[in-house]
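Here are a few exercises to work through with the coordinates open beside you. Try each task before reading its solution.

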Amino acid sequence: MQAFSSLFRRSSIHGPCKPPECLAAQHLLGEMPHRNSTRLNALLSAHVRDKDPSSALLLFFQMHRHSIPLDGFSFNPVLAACTALPAAGSHLGRQVHALMLKTACASELIPATSLLDMYSKCGLSGDAVAVFDEMPERDIITWNALLSCFISNGHAQRAINTFSSMVKNRVQFTGFTVSTVLKACASLLSHSQGLQLHGLAVVTGCLHSLVTATSLVDFYSSCGMVVQAIQVFTGFDCPKDSKMCNTLLSGFVQNQRYNEAFKLLGQTTPNTVGLTCALTACSETLNLEYGKQIHCAVLRHDFNSETILCNALVNMYAKCGEIHSAHSAFSLIEEKNVVSWTCIIDAYGRHGHGSEALELFKEMESAEGSPTGVLPNAVTFLSVLSACGHSGIIDEGRKCLNLMRDKYGIEPGPEHYACFIDMLGKAGRIEEAWDVYSRVAGEGRLNVGVCVAMLNGCKVCMDLERSEVVAQHLMELGEDRAGVYILLSNFYAANGRWEGAENIRKVMGYRGLSKVVGSSQIAIG
DNA sequence: TTAGGGTTAG
């Protein structure tokens, strides 16, 4: 148990252990007159219920030190506590697992299911599957936890395959199962399988469950089938809760049905998720007036400590052109996360203030070591690169690409290279752009974005020879967006290559592509 | 012991 003790101490350095609670727990165990397992297990559960996983872990550790017998009722809450500690949970969880093996609880149904769930939520799906495989008995909750494990760890198809084999093997599933598998169908946009699940939900009566019906609304919205989402929503004849309303609201926003989203928002009690969705609608429609009204609602309902909602507020002001309001909203975010920083960096970048965006990125970097500091991610770097591009600060863009790889260990993706090629091309530095393009192509990582950025660079420099190579790559990628073909065709035409332009139009014809006429929008007054 | 809704990109 020494190893467990040292790991726990190490975890406290990173913050999850709060000293006052730790002292309270130690004190409590020393003074408790009847230190029996049942009372202490109840206390463990209470700590987890009170969202105080550090105290639960410390108490568990003390129980072990005082040789208080541990059983399933001790392991279930302590595993939940591990799950709630992202920094140290998996290390501590492994130590708890070792103790479960020693006490033979690892082969009991409920503790083993908790163990599977702990590994799953700590991102260790391989360990979760190993626990599942070794379980001597399983119930439907174990199966549901396994399905959930696959989905939350990015293996949605495996969840669907597992469900198929459950049906074949006549495993009696529940509404939990249907909701979970619907989530997999939504993430894979697996339309036909989702429809089959809808049928199963009707036949088995699961559709009377609020959660299952909500999952179905989410599935249809994700697949762009808003009419069916509305039908499930309105056909649900029991009282709807805020999650179900927000699911449809989010579906309206995802499918650009903004007026319906605003209307539904007006029919619900204001809550953070609904307002966040509505702010996205304001950002997309540049509706500053509604955005300001939502900001008032945020202040009125005292939601201004909600980071996700405040991030949406920053984004709304930035998209609506109000950079100063975006900055004020950003400054007031109490717990800024990586998205908060990315939003404000992007805001300055898209307004052409590249040096301010870079300053903010440096500020973000310098705050890294502080308790409130956060690390940049791939999207942050894309925003920084984009800001450099909008302001033509090429050398800083190059430094940024190196920094993300060398300091943060994030491998630039095609989207980062596309951004870099774009800025080189716009500056007329076609040779450098071509070097980067050729390297990406050599690594087999070309995508449409990289090709289009290079093609635009060729257009700036009127480099017909290279543009033909890029055009060939685009054809090989099977691009089906008309805009890309129009770009190519116009390029040929600008160079007097009418035959080339004609060929492109023919390709568009037999691929059935036509360009949607572009439009712009301005707000007056 | 398992399940449903929200924020960042080109």
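**Exercise 1. Find the distance between a polar side-chain atom of S114 and a sugar or linking oxygen of DNA strand B, then look for side chains that reach the bases.**

Solution. Keep in mind that this is a predicted model.

Step 1: Start at S114, where a polar side-chain atom sits 3.3 Å from a sugar or linking oxygen of DNA strand B.

Step 2: Move on to the bases. N271 places a polar side-chain atom 3.5 Å from a base nitrogen of DNA strand B.

Step 3: Now take N311. An N or O atom in its side chain is 2.5 Å from a base oxygen of DNA strand B.

**Exercise 2. Describe the protein surface near DNA strand B: how many residues surround the strand, and which helix gives the most?**

Solution.

Step 1: Count the neighbours. DNA strand B is surrounded by 44 residues, and the closest are N144, K183, N246, N311 and L382.

Step 2: Check which part of the strand is approached. Of the atoms of DNA strand B that come within 4 Å of the protein, sugar and phosphate account for 45%.

Step 3: Assign residues to helices. Helix α15, residues 242–254, gives the most to this surface, with 6 residues.

Step 4: Sort by class. The surface near DNA strand B has 21 polar, 13 nonpolar and 10 charged residues.

**Exercise 3. Work out how α16 and α17 are arranged and which residues meet.**

Solution.

Step 1: Take the axes of α16 (residues 258–266) and α17 (residues 272–285); they come within 10 Å and cross at roughly 150°.

Step 2: Compare that angle with the cut-off, since angles over 145 degrees count as roughly antiparallel. The two helices, α16 and α17, are therefore roughly antiparallel to each other.

Step 3: Add the handedness: α16 and α17 make a left-handed crossing.

Step 4: List the partners. From α16 come Y258, F262 and L265, which meet G274, L275, A278, A281, C282, E284 and T285 in α17. By class, this contact of α16 with α17 has 7 nonpolar, 2 polar and 1 charged residues.

**Exercise 4. Do the analysis for α21 with α22: at what angle do the axes cross?**

Solution.

Step 1: The axes of α21 (residues 338–350) and α22 (residues 354–366) cross at roughly 160° and come within 8 Å. This angle makes α21 roughly antiparallel to α22.

Step 2: The crossing in which α21 passes α22 is left-handed.

Step 3: On the α21 side, the contact is made by V338, W341, I344, I345, Y348 and G349; on the α22 side, by E356, A357, L360, F361, E363 and M364. The classes in this contact of α21 with α22 are 9 nonpolar, 1 polar and 2 charged residues.

**Exercise 5. Finish with α26 and α27: which residues make their contact?**

Solution.

Step 1: Helices α26 (residues 430–442) and α27 (residues 448–461) have axes that come within 10 Å and cross at roughly 155°. That makes α26 roughly antiparallel to α27.

Step 2: α26 passes α27 in a left-handed crossing.

Step 3: I430, A433, W434, Y437 and V440 of α26 make the contact with V450, C451, M454, G457, C458 and C461 of α27. The class count for α26 with α27 is 10 nonpolar, 1 polar and no charged residues.

Key
Residues numbered from 1 in each chain as written. Chains lettered and ligands numbered in written order. Predicted model: local features only at pLDDT ≥ 70, side-chain atom pairs only at ≥ 80, totals over all residues. Heavy atoms only, no water. Axes fitted to C-alpha atoms, helices over the stretch in contact; angles between N-to-C directions. Helix = DSSP H or I, 4+ residues; strand = E, 2+ residues; numbered from the N terminus. Parallel < 35°, antiparallel > 145°, perpendicular 65-115°, else oblique. Left-handed = near helix turned anticlockwise from the far one by under 90°. Contact = heavy atoms within 4.5 Å. Nonpolar A, V, L, I, M, F, W, Y, C, P; charged D, E, K, R; others polar. Near = heavy atom within 4 Å. Polar contact = N/O pair within 3.5 Å; in protein donor to acceptor, adjacent residues only side chain to side chain.
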